[in-house]
Amino acid sequence: MKIGIIGGGALGLAAAYQLGKDGHQAAVFERAAVLGGQASTFDVGGGRLERGYHHLFKSDTHMVDLIHELGLGPKLAWIESKVGFFYGGKIHQFTTPLDLLRFTPLSPYNRVKLGLMTLRLQRTKYWPRELERVTAEEWIRTHAGKQIFDVIWNPMLRGKFGESASQVSMAWLWGKIYLRTTSRDKGLRSRERLGYPLGSFAEIFEALEREIRAMGGEVHYPSTVHRVTVRDGRATGLDVQYPGGGRESRDFDVVLSTTPSSIFPRLVPELPESYTRLLAPQYQAAVLIIMELDRPFSWAYWMNIADRSIPFVGLIEHTNFVDKERYGGKHLVYLSNYLSRASEMYSMPPDELWRRYVPALKKINPAFDESWVTNRHYHREDAAQPIIGVDYSQRIPPLQTPLKDLWLANTTQIYPEDRGTNYSVRLGRLVAKMITGQAPVCMWWE
Ligand SMILES: Cc1cc2nc3c(=O)[nH]c(=O)nc-3n(C[C@H](O)[C@H](O)[C@H](O)COP(=O)(O)OP(=O)(O)OC[C@H]3O[C@@H](n4cnc5c(N)ncnc54)[C@H](O)[C@@H]3O)c2cc1C
C-alpha cells in the first residue's frame, strides 16, 4: 500500500516508520525546513535545542521504547529535575514532597490536603469517566477548597488556557497529575527524574528519517501540501509544492494528515460539515522567548510562575537540566506563554514582548540585568495546546474521516492524557496499524 503522510512531526514520522516496518511505502511531506514539528530544534552554541522546552516522563513508555528500538538508548539520560514555584515575590522550592510540607503560602492543613489530593489522583489508575463531566475548577474547589485552587491551580490553569481555563475538564488535570507523579520515586525526599535524548529530540527524528528511507519510504522537507486530491468521495493523492515553486501531484492509496485540525479543512474542502464542525479552532498558541545568558538565572530547571502580574507562565532553565557545555557554555532559559490567538501578546512583535518581560525577570531575580543576555530567540507555535473541555470524548474527530481512504491523526485526538511526543508516537503507530487493517478502528479507550 502507498500512503501519503502530511506532516513530519513525531506523529507523521512514527506512522511512516510503522508502515515501513509492516511492509508498506510511506511518503512524508513536511512544510518546515526541519523535521520534528513542535519538538523541532534550532542551533545554539554548536548544539541543538528544541524551539519549545522538551523532556520525557517515566510514563512516556511509547517514546522510550521507540528510542531504544532506534538504537538511541545510550543517548537517553534520566536527569534529576529541580522545580521552583514563584509565588508572593519568592521562588519556593517544589522538588520533593517534603517541599510541599514547607510551602508557606498554603496553610499547614492545606499542604497536607494538597498532598493527599495528589496521592488520590495518582492512585486513580485509569481515568474514571466522571472526571470528564466536571471542570477542573469545580472539582478542585469541591475536593481541595478555595485556597488550594487560588494559590496553586487557578494560576496554572489560567496560564495554560487563558480565558478558556474555566472550561477545562478534570480529566485533563488528572492526566497531568497522574502521569507527572510517575516520574518520581517514592518517599518524602524523592526527586523527579526526567528523560532527555542527549543531542536533542532531533536525534530521534533523524533516526526515524533514516529508517523510513532504508525501508523504501520517502521523507520530503521543506515541501508543503496544498491540497488533498479527492475523486468520487475518495482521497486519491496530494498536491505538493516544493521550495522554488515546483509543484507535483502524487497518487496514493491512502492519505494520512497529521496537521492541526485548524489547517486540515483547508486542504480538503470536500469534507462534510458534520466532520469539520469537530475541527473548529480549539487550541492555545505557545509563544516562547529563549534567552542565551552569560550566567545562570536561577537554580531551578522548571519554574511555575503563579503570580499573574508576571506576563509569562513558565521559566524553564534548560541548562539547569542539560549541561551547558553542550551549547558552548551558554545558559539557556525559556520564557514560556500559552495564549489565545486573539490576545494582545500573541501578535506583539518580539522586541516589544521582550520589553514587557524584562521588569518581570527583575521581579523574579532582582540581580538580573539585561547585560547578562548575549542573544535571544523567539518562537511561536499556533496549535500548541488543544483545549480539553468537559465531555471531550464525545467531540473528538474520528481518525477515519467521512471521505474514503482519508485519515486524520493529531494532538486533539490524544485523550485523556495531555498531548506530548509520547502520545503522538503511540497514535502514529496505532493509526498506521488501523490504516492497514491490523488494528480495529476505534479510540484506544473504547
Ligand atoms: C512549548 C511546547 C512544549 C512542549 N513540551 C513537551 C515536552 O516536554 N515533552 C513532550 O513529550 N511533548 C512536549 N510538547 C508537545 C509535543 O511537542 C507535541 O505534542 C508533539 O510534538 C506533536 O507532534 P505531532 O506530530 O502530533 O504534531 P506537530 O509536531 O504539530 O506536527 C505536525 C506537522 O505538520 C506540518 N504541516 C502542517 N501543515 C502542513 C502542510 N500543509 N504540508 C506539510 N506539512 C504540514 C507541520 O509543520 C508540523 O511539522 C510541547 C509542545 C510545545 C508547543
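# Close-up views of a predicted model

**View 1. In the hairpin of strands E11 and E12, five residues separate the two strands, and Gly-244 has a positive phi near 95 degrees.** This is a predicted model, in which local features need pLDDT of at least 70, side-chain atom pairs count only at pLDDT 80 or more, and totals for chains, interfaces and linings use all residues. Residues are numbered from 1 along each chain as its sequence is written, and side-chain values use heavy atoms, with hydrogens and water left out. Helices (H or I, at least four residues) and strands (E, at least two) are DSSP runs numbered from the N terminus. Two strands pair if DSSP finds at least two bridges between them. E11 and strand E12 (residues 247–251) run antiparallel and are joined by five bridges. Within this pairing, Asp-239 stands opposite Ser-249 in E12.

**View 2. Strands E10 and E11 form a hairpin with two residues between them.** The two strands pair in the antiparallel sense over seven bridges. Arg-227 stands opposite Asp-239 in E11, and Asp-239 also stands opposite Ser-249 in E12. The loop between E10 and strand E11 (234–241) holds Asp-232. Phi of Asp-232 is near 50 degrees, a positive value in a residue other than glycine.

**View 3. Strands E3 and E4 form a hairpin with Gly-45 in the turn.** Strand E3 (residues 41–44) and strand E4 (residues 47–50) run antiparallel, joined by four bridges. Thr-41 has Glu-50 of E4 as its bridge partner. Two residues lie between the strands, and phi of Gly-45 is positive, at about 50 degrees.

**View 4. The ligand is surrounded by 29 residues.** The closest are Glu-30, Gln-38, His-54, His-55 and Thr-421; a residue is near a molecule or strand if one of its heavy atoms lies within 4 Å of it. By class, the shell has ten nonpolar, 16 polar and three charged residues. Here Ala, Val, Leu, Ile, Met, Phe, Trp, Tyr, Cys and Pro count as nonpolar, Asp, Glu, Lys and Arg as charged, and the others, Gly among them, as polar. Helix H1 (10–21), strand E10 (224–231) and helix H12 (421–435) each supply at least two residues of this shell.

**View 5. Polar contacts of the ligand involve Glu-30, Tyr-53 and Val-225.** A polar contact is a pair of N or O atoms within 3.5 Å; within protein, one must be able to donate a hydrogen and the other to accept it, and residues adjacent in sequence count only if both atoms are side-chain atoms. An oxygen atom of the ligand lies 2.5 Å from a polar side-chain atom of Glu-30. A polar backbone atom of Tyr-53 is 3.0 Å from a nitrogen atom of the ligand. For Val-225, a backbone N or O atom lies 3.0 Å from a nitrogen atom of the ligand. Of the 1,000 Å² of accessible area that the ligand has on its own, the protein covers 94%. Accessible areas come from the Shrake-Rupley method with a 1.4 Å probe; for residues, only the protein chains shown count as cover.

**View 6. An open sheet of seven strands has the order E7-E6-E15-E16-E17-E14-E18, with mixed pairing.** Its edge strands, each paired on one side only, are strand E7 (90–93) and strand E18 (373–386). Neighbouring strands are turned by 20 degrees against each other on average, direction ignored. Axes are lines fitted to C-alpha atoms, for helices over the stretch in contact, and angles run from 0 to 180 degrees between N-to-C directions. Strand E14 (residues 283–293) pairs with E18 in the antiparallel sense over ten bridges, and Ala-286 has Glu-381 as its bridge partner in E18.

**View 7. Helices H6 and H11 lie against this sheet.** Helix H6 (residues 146–161) lies across strand E6 (83–87), E14, strand E15 (302–305), strand E17 (331–339) and E18, and runs at about 95 degrees to E6. Helix H11 (residues 350–364) packs on the sheet and touches E6, E7, E14, E15, strand E16 (314–317), E17 and E18. The direction of H11 makes about 70 degrees with that of E14. Contact means heavy atoms within 4.5 Å.

**View 8. An open sheet of five strands has the order E9-E2-E1-E13-E19, with parallel pairing.** E9 and E19 are the edge strands, each pairing on one side only. From one strand to the next, the twist averages 15 degrees. Strand E13 (residues 254–257) and E19 run parallel, joined by three bridges, and Leu-256 stands opposite Trp-407 in E19.

**View 9. Cis peptide bonds precede Pro-222 and Pro-416.** The bond from Tyr-221 to Pro-222 has omega near -5 degrees, and Pro-222 sits in the loop between strand E9 (218–220) and E10. The bond from Tyr-415 to Pro-416 has omega near 5 degrees, and Pro-416 sits in the loop between strand E19 (406–408) and H12.
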